[in-house]
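Hi,

Here is the structure I promised to pass on. Have a look at it first, and my notes follow below.

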Amino acid sequence: MSSRMFKFGVTATSAAVGSVLAAWSLDHWNTPRVVNNAAVAPPKRKRTLPMRSEQIKSLMSGEEFDVLIIGGGATGAGCALDSVTRGLKTALVELDDFASGTSSRSTKLIHGGVRYLQKAILGLDLEQYRMVKEALQERATMLESAPHLTHPLPIMLPVYTWWQVPYYWVGIKAYDLVAGDRNVKSSYYLSKKDALELFPMLKKDKLCGAIVYYDGQQDDARMCLAVALTAARHGATVCNHVEVKELLKKDDGSGKQVLCGAKVKDHISGKEFTVKAKCVVNAAGPFTDSIRKMDNPTVKSICCPSSGVHIVLPGYYSPDQMGLLDPSTSDGRVIFFLPWQRQTIAGTTDLPCEITHSPIPTEDEIQFILKEIKNYLNADVEVRRGDVLSAWSGIRPLVSDPNKDDTQSLARNHIVHVSPSNLITIAGGKWTTYRAMAEHTIDAAIKACNLKPEREEAVTSYLKIEGGQGWTPTMYIRLVQDFGLECEVAQHLAKSYGDRAFAVSKMASLTGKRWPIIGNRIHPEFPYIDAEIRYGVREYACSAVDMIARRLRLAFLNVQAAQEALPVIVDIMAEELHWSKEEKERQIKAATEFLANEMGHSVNRTSKERIPIKLSKEEIQTYIKRFQLIDKDKKGYVSINDIRRGLKTFGEGDVSGEQLHEILREIDTNMNGQVELDEYLQMMSAIKTGDVAYSRFARMAELEEQKQEAASLKQKISVDRSGGGL
């Protein structure tokens, strides 16, 4: 025993010393660039946010911009903020909505990359080490710049083999070491008992202990939007739903053709116009190559897209404030299992894919994630397909570096490329380093296009993002006390809008109740209120999809709840944007298709349809009996009127037509507006196997049977036989 412990200690000590020396030596190879921002006065922001119509008017004015940025994701928004705060006249256009692509479909982590550091140290890979170090520095900056949208998150790495304890401990300590004085919090070791206390859902068989380290977590879509709004407040012209149709060129006087702007189309008004610019930045993410080919049709493609699927499970799958890392899945990938917005995110996959505006999660990818997380959860947590509340796919734009001759090698870090016509392309990278990527891009733009900024160096490293200036952790209490909001709603508003939560609250309608005084929820299960829809329009939301996916995060959290809330959301948006009845119908249809295809609603439904009926004869007889009790007219099917009658029987009162249709849609797999017996049996089989979590229709049928049995029992026992009472 003593010999084994001695070897254990020697191994751990040797690994620790080696790791520290490796990190120290690498750190000396990588001397960071020091920027003296202390002498630069921070630029002042506007008190009011310009309306979208004003932004479009600015774009159409014919004035020449210093910088025109194509792409409204994290990188594009970051470039706009960096550019405008240096004093450059800046415009940004986005084909869809801010963060509508990859930037809203991330793992929601702000991290350096533990696995990248492992590869950097073991392989003495200087490029990967620099990437991790930069990301860890930017992690700290993000947490400081947007404290309302970000927070530190402890992540547990469970260990099931004793020899891996010192191995992982050393690796995580090296992660802390590389972060240096910008580390979030120090990592630590947990015994088996302590690990299970903090993460009770964890599988305890053969568990040796766990290592806990810290990274950051964010609301990615709202973070991207906040960066774009901050740029707008500083004077940038930022416009969503504006497509670049053509890049324009002119002779620079020496015979060289250089970019001088773009022809664009506003998809809201349908107008096409020209935007003049001294410099054009390509920050189109997965669509980088399409913009590059506008500049030069013969240029080689550099984007190598891969699909990353995430699923959302109920909050009871994980503790409120502890994530989980599976460092080695069955195929070698890493999977995170994280609490987010009171639910649980699991992902991601990594498969080659086609570039599309509407990536769709597949059943195989969802099943892979479910299979992997089963390995880490105890027997009490039955991982069910029916518990998948939402699923989405994001396209990660890996790139080969056009600055190098070997175009086959993929760049792990971001790349900035300047074309012969001065198209500045920023590609690759990760969410965490968006600010540094923007800084490097604008540096290259200033040099290539001979721009004259008021400030030579970036000032974004100490700039607060929209909502972060007056935010405090206890600010929500003032919202409760001053406005009469529910505590849960106030906390949500404070975290999503920061100090802008007061402006949102002022738009909330009276509830007519003693408490809460204001703030009508748009869905009973979530803290989103009516005022957020009205405020979201002022945050440039132009469609129902913009609202449910990015101003609110309802589509990502629960696709069924988002579908149920759609009518209320569209009604409020119609008041703000003056939509006609036909436009409202079009918006609901488009949002329904978005939920079905991109948020996993259709793949959830398809998974139900594939389920074979596996019920015993006794179970089938029971369900046939319940079905016939609801079908009182003996039609052979259950109609929406049967459902309405059944709900009234159990004291539900007047149920809205939309709610009735939602109950029907849960079970009506062939979409013919009625429930047949085989659909009901298939639903009950799916509930039995765990492929479906619950069904309101199934519960109604069960209560109907109980009611009939109680009535039958009363008839059997007469007053005479019962003695007339007690």
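His241 has plenty of company: setting aside neighbours up to four places off in sequence, its contacts are Arg52, Glu94, Leu95, Asp96, Asp97, Lys265, Asp266, His267, Ile268, Cys542 and Asp546. Bear in mind that this is a predicted model. His241 sits in the loop that links β7 (237-239) and β8 (242-251). It counts as buried because its relative accessibility is 9%, and the cut-off for buried is under 20%.

From β7 you can step across to β2: the two run parallel and are joined by three bridges, with Ala91 opposite Thr237 of β7. In β2 (residues 90-93), Thr90 and Leu92 point one way while Ala91 and Val93 point the other, and all are buried. β2 also pairs with β1 (residues 64-70), in the parallel sense, over four bridges; there Val93 is the bridge partner of Ile70. Together with helix α3 (residues 74-85), β1 and β2 form a right-handed β-α-β unit.

Now for the nonpolar cores. The largest has 54 residues, and those with the most contacts inside it are Leu479, Leu485, Leu493, Ile569 and Leu595. Several helices give two or more residues to this core, among them α12 (475-483), α13 (487-497) and α19 (581-597), but α18 gives the most, with ten. Domain 2 (148-219 + 305-397) and domain 3 (474-602) each supply at least three residues to this core. Leaving out residues up to four places away in sequence, Ile569 touches Ile522, Ile533, Met547, Ile548 and Leu552. A second, separate core has 48 residues, including Ile69, Ala146, Ala232 and Tyr434.

Cheers

Notes:
Residues are numbered from 1 along each chain as its sequence is written. This is a predicted model: local features need pLDDT of at least 70, side-chain atom pairs count only at pLDDT 80 or more; totals for chains, interfaces and linings use all residues. Side-chain values use heavy atoms; hydrogens and water are left out. Buried means under 20% relative accessible area, exposed over 50%, partly exposed in between (1.4 Å probe, protein chains only). Contact means heavy atoms within 4.5 Å. A nonpolar core is a set of buried Ala, Val, Leu, Ile, Met, Phe, Trp, Tyr and Cys residues joined through side-chain atoms within 4.5 Å. Domain bounds come from an automatic or database domain assignment. Two strands pair if DSSP finds at least two bridges between them. A crossover is right-handed if, with the strands pointing away from the viewer, the path from the first strand over the helix to the second runs clockwise.
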